[in-house]
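Subject: Structure handover

Hello,

Here is the structure we talked about. Please open it next to this message and read the notes below as you go.

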Amino acid sequence: MGIGPAAGYAVAQVGTWLKLDPAEFKVAGDSMKSVSLVLDLPDRPELRGKRLAFIVEATLQGREIPVEVYGRVYVNVAE
């Protein structure tokens with residue numbers, strides 16, 4: 001499957017309709033942090049009934065070799 005979306009979902013850009021709050025943050029090693037996801041879809045007829053996938057990317061800083069981690073957020077828009 002890779003980092004792409006599941007079958008039937010269209011990729012939407014993070015930062016347009018889906019934002020993380022805070023957008024950037026630091027987390028100590030061997031720990032976790034809660035981050036809010038804010039979804040603000042415009043009320044447009046062409047979005048109704050769509051299945052959207054947002055690919056969220058995190059970059060681990062302070063590593064000798066840069067490491068990126070990806071996650072997916074799936075949204076089913078009401079008719």
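Is Glu 46 buried, partly exposed or exposed? Glu 46 is partly exposed, with a relative accessible area of 47%. Please keep in mind throughout that this is a predicted model.

**Salt bridges**

Glu 46 has a charged partner. Its side chain forms a salt bridge with Arg 44, and the closest N and O atoms are 2.8 Å apart. Arg 44 lies in the loop between E3 and E4. Arg 44 is partly exposed, at 35% relative accessible area. Partly exposed covers the range between 20% and 50%, so the 47% of Glu 46 falls inside it.

The count of salt bridges comes to 2. The other joins Arg 48 and Asp 43, with 2.7 Å from N to O. Its two ends sit in different exposure classes under the cut-offs: Arg 48 is partly exposed at 38%, and Asp 43 is exposed at 66%. Asp 43 counts as exposed because its value is over 50%. As background, side chains of opposite charge can pair when their charged atoms come close.

**The sheet**

Next, the strands. An open sheet of 3 strands has the order E1-E4-E5, and its pairing is mixed. E1 (10-12) and E5 (67-76) are the edge strands, each pairing on one side only. Neighbouring strands are turned by 35° against each other on average, with direction ignored.

Which way do E1 and E4 run? They run parallel, joined by 3 bridges. Val 11 stands opposite Ala 53 in E4.

The pairing of E4 with E5 is antiparallel. Strand E4 covers residues 51-60, and 10 bridges link it to E5 in that antiparallel sense. Two bridge pairs help you find your way. Thr 59 has Glu 68 in E5 as its bridge partner. Val 56 has Gly 71 in E5 as its partner. In general, strands of a sheet pair through backbone hydrogen bonds, either parallel or antiparallel.

E4 and E5 also form a hairpin, with 6 residues between them. Look at Gly 62 in the turn: its phi is positive, at about 75°.

Ile 55 is worth a stop too. Its place is in strand E4. Is Ile 55 buried or partly exposed? Ile 55 has 21% relative accessibility, and buried means under 20%, so Ile 55 counts as partly exposed. Gly 4 is 51 residues away from Ile 55 along the chain, yet their C-alpha atoms are separated by 7.6 Å.

**The largest pocket**

How much space lies in the largest pocket? About 960 Å³. The lining has 27 residues. Phe 25, Glu 57, Ala 58, Thr 59 and Leu 60 lie nearest the centre. Thr 59 is thus named twice in these notes: it lies near the pocket centre, and it is the bridge partner of Glu 68.

Which strand gives the most to this lining? E4 does, with 6 residues. Strand E2 (18-21) and E4 each supply at least two residues. By type, the lining residues divide into 15 nonpolar, 5 polar and 7 charged.

**Loops and the start of the chain**

One peptide bond needs a look. The bond from Asp 21 to Pro 22 is cis, with omega near 5°. Most peptide bonds are trans. Pro 22 is placed in the loop between E2 and strand E3 (36-39).

How far apart in space are Arg 44 and Pro 22? They are 27 Å apart, C-alpha to C-alpha, and 22 residues apart in sequence.

Last, go to Ala 7, in the segment before E1. Ala 7 has 73% relative accessibility and counts as exposed, because exposed means over 50%. Ala 7 and Arg 51 are 44 residues apart along the chain, with 9.8 Å between their C-alpha atoms.

Over to you now.

Best wishes

How values were computed:
Residues numbered from 1 in each chain as written. Predicted model: local features only at pLDDT ≥ 70, side-chain atom pairs only at ≥ 80, totals over all residues. Heavy atoms only, no water. Pairing = 2+ DSSP bridges. Helix = DSSP H or I, 4+ residues; strand = E, 2+ residues; numbered from the N terminus. Axes fitted to C-alpha atoms, helices over the stretch in contact; angles between N-to-C directions. 1 Å grid on protein atoms, 1.4 Å probe; cavity = no way out; pocket = protein on both sides within 12 Å on 5 of 7 lines; lining within 4 Å. Points joined across faces, edges and corners; volume = space filled by probe spheres on them. Nonpolar A, V, L, I, M, F, W, Y, C, P; charged D, E, K, R; others polar. Salt bridge = Lys/Arg side-chain N within 4 Å of Asp/Glu carboxyl O. Buried < 20%, exposed > 50% of the residue type's maximum accessible area, 1.4 Å probe, protein only.
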